[in-house]
Amino acid sequence: MQFENTKAYAEELDRSSSVASQRDQFLIPKVHGEDSIYFCGNSLGVQPKAARKALETELKDWEELGVEGHFHGTNPWFGYHKFLAKNTAKIVGAKPIEVVVMNNLTVNLHLMMMSFYRPTKERYKIIMEGGAFPSDMYAMESQAKLHGFSYEDAVVEVLPREGEYALRTEDILKKIEEEGDAVALVMFSGVQYYTGQYFDIPTITKAAHAVGANCGWDLAHAAGNVELKLNEWGVDFAVWCSYKYLNSGPGSVSGVFVHEKHADSPELERCAGWWGHKEEVRFNMEKGFIPEQGAAGWQLSNAPIFTMAVHKVSLAMFAEIGMDKLAQKGLDLNAYMEYVIKDVESQNDKLEFEIITPALPERGCQLSLLTGSNGKELFDYLADKGVIADWRKPNVIRLATVPMYNTFMDVWNFGELLRKF
Ligand SMILES: *Cc1c(COP(=O)(O)O)cnc(C)c1O
């Protein structure tokens, strides 16, 4: 596509885009009294206007019905997770039986590992990306220790080559093959939080299975960003949060995927709780855990209705547009962003950065800029001018052009701010 860095051109892109911006359905945070240029949806998505009403509905049911809300509420709380299954499945390319919304992300990562990381003396290694999100590193470390292994022994990190930032798929595959029979689990993030690299999920999953290992994915930065086909790709399990691209509010609930091939596997040990017990007999209050079929059988507790209410309205917005179309628009915005940034960089000597996010198909809508010596100064300048992005130590600015509410004009305006730095 031949882009132009002009206001008229950006306006035209917004007008002609195949997915109309849903910006007016959201509350965009303000800086100095004006709408910000919000490029931080990969960290915390903005508030859908529908969130307030959804919360008020549940508050009112609680007020008027008390405990009866479980069965007689507007959205009876007893089976609340089921209201989310269909639209959640669409986000990650799954069948409804393969997904459930519950708890928070890191909690779910541990729960999944209790089932899918069952190391033996011979097969105990976890292969993961170096420089992973800290919570994932700590989860792997503590899981290894829980099973009596040391971190150094059990966790094998794949690192970028000297002078590179992204991982090469061939290096990941080579590591899996090298470790072979010793690998119990291959566990990566879908989209890397720092570099924005979108890993080749089907190829890596296949390689893990070829050596007899399970393969799990942390999709915190992938869900709602890129198009996923977890069922088709044969992924064993995945977890993600709902407060980044999925706009469901700070600390909101997490999604879990367990492939249908594991739907009826009572031999898969798990941490059990009453909400994962077979629904028809849940209230018999008897001994002997019988898991509900599918991902729902990993539930522990009754549903946190308030966070799920927000998630429910947000998921409906995704379902209405379709993840394939949204992901494509995210890529279009991202491509325009790269073009505009490079254009202004060539005209302003004060700007020095390198885009460390790999090219398509290894990216979603995030762009990570490795800045030079004046990086923090640039970031602070942008923040003062109304750009909400994030700074990741030591020197990276992450920008996410979120297809739901960011516009081509956001990108153009951002370019003009860079020009004036
Ligand atoms: C955001 C993020 C988390 C956060 O975990 P919480 O349990 O929701 O606090 C974990 N892992 C990755 C890869 C993330 O990007």
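Two exercises with worked solutions follow, on the overall form of the chain and on one group of its aromatic rings.

This is a predicted model, in which local features need pLDDT of at least 70 and side-chain atom pairs count only at pLDDT 80 or more, while totals for chains, interfaces and linings use all residues. Residues are numbered from 1 along each chain as its sequence is written, and side-chain values use heavy atoms, with hydrogens and water left out.

**Exercise 1.** Determine whether the radius of gyration of the chain agrees or disagrees with that of a compact globule.

Solution. Take the radius over C-alpha atoms, and apply the globule rule of 2.2 Å times the number of residues to the power 0.38. For 421 residues this rule gives a value near 22 Å, and because the chain has 22 Å, the two agree. Then add the burial: 57% of the 421 residues count as buried, that is, under 20% relative accessible area with a 1.4 Å probe and protein chains only.

**Exercise 2.** Classify the ring pairs that Phe-3 makes with Tyr-9 and with Tyr-336.

Solution. Rings of Phe, Tyr and Trp (its six-membered ring) pair if their centres lie within 6.5 Å, and planes under 30 degrees apart count as stacked, over 60 as edge-to-face and the rest as tilted. For Phe-3 and Tyr-9 the centres are 6.5 Å apart and the planes stand at 75 degrees, so the pair is edge-to-face. For Phe-3 and Tyr-336 the values are 5.2 Å and 65 degrees, so this pair is edge-to-face. Phe-3 lies in the segment before helix H1 (7-16) and Tyr-336 in helix H12 (residues 323-345), 333 residues apart, helices being DSSP runs of H or I with at least four residues, numbered from the N terminus. Both Phe-3 and Tyr-336 are buried, and they belong to one aromatic cluster with Tyr-9, Tyr-339 and Phe-408.

Note on methods
Buried means under 20% relative accessible area, exposed over 50%, partly exposed in between (1.4 Å probe, protein chains only). Helices (H or I, at least four residues) and strands (E, at least two) are DSSP runs, numbered from the N terminus.
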